[in-house]
Amino acid sequence: MSQDAPKVLIVGLGTGGLYASRAAQRFNRKTQITIIEKREYHMFSPCGIPYAIEGVVSSFEELKHSVPTTRTLQIRLSHKAIEVDAKGKKVKVKNLETGAEEWLDYDKLILATGSRSKILPVPGAKEFLGKGIYVVTTPEEGETLRDIALKSKTAAVIGGGAIGMEIALALKHLEVDVHITKRSEPSLPRNLDPDMGKILTEHLLEKGLNIYFGKGIDSINGTDKVESVTIAGEVIPVDFVVMAAGIDSNIDLAEKAGIKSERGSIKTNKKMETNVPDIYAIGDNCWTHNMIDDSPARTALATTAYRQAMVAGANAAGGDKEYEGTLGTFVTSVGDFEVSATGYNTSMAEAAGFKVISGRANTMNKPNWIPGAKNISVKIVADAETGRLLGAQSIGAEGTDWRINMVALGIRKGLTLEEFASVELAYCPPVSELYDPLLMATDVALRRLAGAKRRR
């Protein structure tokens with residue numbers, strides 16, 4: 001590899017591909033970068049699709065963005081990477097418009113191939129895909145779904161994750177009667193404890209959704225198109241179905257190149273390197289590690305892809321950076337609620353081998369005498385042996401995000417409950433509470449921790 005002008009090839013122009021290119025150029029401005037992308041346009045904001053379906057975003061075109069090319073950054077749209085020759089350090093690329101194929105050389109290769117919607121293995125799922133079953137991963141698919149919804153009365157949404165709930169409420173806003181189902185209970189089981197998930201479920205019921213959490217879908221039924229779904233033995237007539245049951249990593253290209261995977265995703269180390277020299281993987285397609293205990297983790301979040309990209313891009317250009325790991329810190333807007341979490345919830349912490357102590361505060365986000373004060377619930381999860389922060393969850397009308405961000409920073413710095421309780425927070429009645437719900441939940445956990453130590 002030329003140290004003056006390394007040649008970096010990136011497959012995929014999503015969050016990972018974009019920021020990997022920027023990190024590489026920031027580390028070495030002479031780096032020659034080529035990005036391969038199947039789409040006819042540069043980028044889009046996938047997290048905005050539910051809000052475009054609802055109409056909060058006025059046009060699906062507003063979700064699309066252009067990336068300026070430069071002398072050292074070239075983007076090949078309507079091109080697909082179809083083969084990697086790891087020994088020869090080259091990638092075969094197909095022009096999707098002309099059908100022409102060519103080999104592109106690289107010094108370093110970054111796979112930012114992302115993911116695709118998971119299609120559950122239930123009767124009717126594959127048969128009716130495109131015939132009443134829709135996935136929503138692109139603006140084009142979102143626009144198709146909105147057009148269908150405006151002409152329909154009933155729908156089923158399969159999957160109760162953030163995207164599933166956001167789409168379900170968007171469809172409800174369009175006056176569609178929505179049945180939402182997921183096999184596990186409660187909402188967001190990897191993020192929320194049951195007591196916190198119950199608050200969210202009650203909110204969804206108040207919004208008029210038909211909730212079937214803990215009741216998996218048995219089948220999708222019809223003749224030429226979807227006519228009904230069967231959930232826990234109950235046949236429910238629907239006009240269409242949205243499949244939002246999670247994602248599968250796009251790893252076909254990697255596996256053909258001899259790159260190792262685990263549980264359907266590419267294995268990487270802390271430098272975002274795969275087992276094949278000079279090939280990196282970032283984003284939805286790979287496993288890395290949890291920041292708390294170094295255990296394997298895959299987090300399909302744009303923020304995770306960004307941080308991984310900054311490491312892989314710099315390293316591909318000659319750097320030596322390490323990814324510190326993920327906490328899965330996220331926030332979503334579900335109707336009038338914000339839902340946010342970071343780190344481990346109780347069950348995930350226990351599964352990781354921790355003894356858990358927790359504290360929860362159900363209060364107001366501002367003094368109750370201030371107009372606009374609203375309910376908020378905050379839960380803190382910590383190690384019962386050391387008091388070290390392990391995670392947090394927050395649900396409310398506003399202000400959940402910054403509180404969860406504070407806990408994420410606390411986990412990153414290895415703070416204990418006692419240390420976190422001493423954090424000084426800003427206070428002003430129209431903005432916050434003097435005894436903030438975040439510190440209130442922390443103090444509850446501290447009292448329980450002290451009580452547990454006395455009983456030992």
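Which residues does V176 touch, not counting residues up to four places away in sequence? The list runs A149, S152, K153, T154, A155, L171 and F240, where a contact means heavy atoms within 4.5 Å.

Before going on, a word on what you're looking at. This is a predicted model, in which local features need pLDDT of at least 70 and side-chain atom pairs count only at pLDDT 80 or more, while totals for chains, interfaces and linings use all residues. Residues are numbered from 1 along each chain as its sequence is written, and side-chain values use heavy atoms, with hydrogens and water left out.

**Around V176**

V176 is found in the loop between α4 (162–173) and β13 (177–182). Helices (H or I, at least four residues) and strands (E, at least two) are DSSP runs, numbered from the N terminus. With a relative accessible area of 0%, V176 is buried. The cut-offs here are under 20% relative accessible area for buried, over 50% for exposed, and partly exposed in between (1.4 Å probe, protein chains only). One of the residues it touches is A149; the C-alpha atoms of V176 and A149 are 6.8 Å apart, although their positions lie 27 residues apart along the chain as a separation.

E175 is found in that loop between α4 and β13 too, but it counts as exposed, at 71% relative accessibility.

**Two positive phi values**

Most residues other than glycine have a negative phi. Here are two residues to set against that, neither of them a glycine.

| Residue | Phi | Loop | Relative accessibility |
|---|---|---|---|
| K89 | about 55° | between β6 (79–85) and β7 (90–95) | 23%, partly exposed |
| E175 | near 70° | between α4 and β13 | 71%, exposed |

**A strand with partners on both sides**

Now hop along to strand β28 (residues 375–383). Eight of its nine residues are buried, so the strand is largely enclosed by the rest of the structure. Strands pair if DSSP finds at least two bridges between them, and β28 pairs with β27 as well as β29.

With strand β27 (residues 356–364), β28 runs antiparallel, joined by nine bridges. In that pairing, R360 stands opposite K379 in β28. Seven bridges join β28 to strand β29 (residues 389–396), again antiparallel, and there I380 stands opposite A392 in β29. β28 and β29 form a hairpin, with five residues between them. In its turn sits G387, with a positive phi of about 80°.

**The loop between α10 and α11**

What does the side chain of Y435 make a polar contact with? Its partner is the side chain of D443, at 2.7 Å. A polar contact is a pair of N or O atoms within 3.5 Å; within protein, one must be able to donate a hydrogen and the other to accept it, and residues adjacent in sequence count only if both atoms are side-chain atoms. Leaving aside neighbours within four places in sequence, Y435 is in contact with M440 and D443.

Y435 is found in the loop between α10 (417–421) and α11 (437–455), and at 38% relative accessibility it counts as partly exposed. Y435 and E206 are 229 residues apart in sequence and 30 Å apart in space, C-alpha to C-alpha.

L434 is also found in the loop between α10 and α11. At 63% relative accessibility, L434 counts as exposed.
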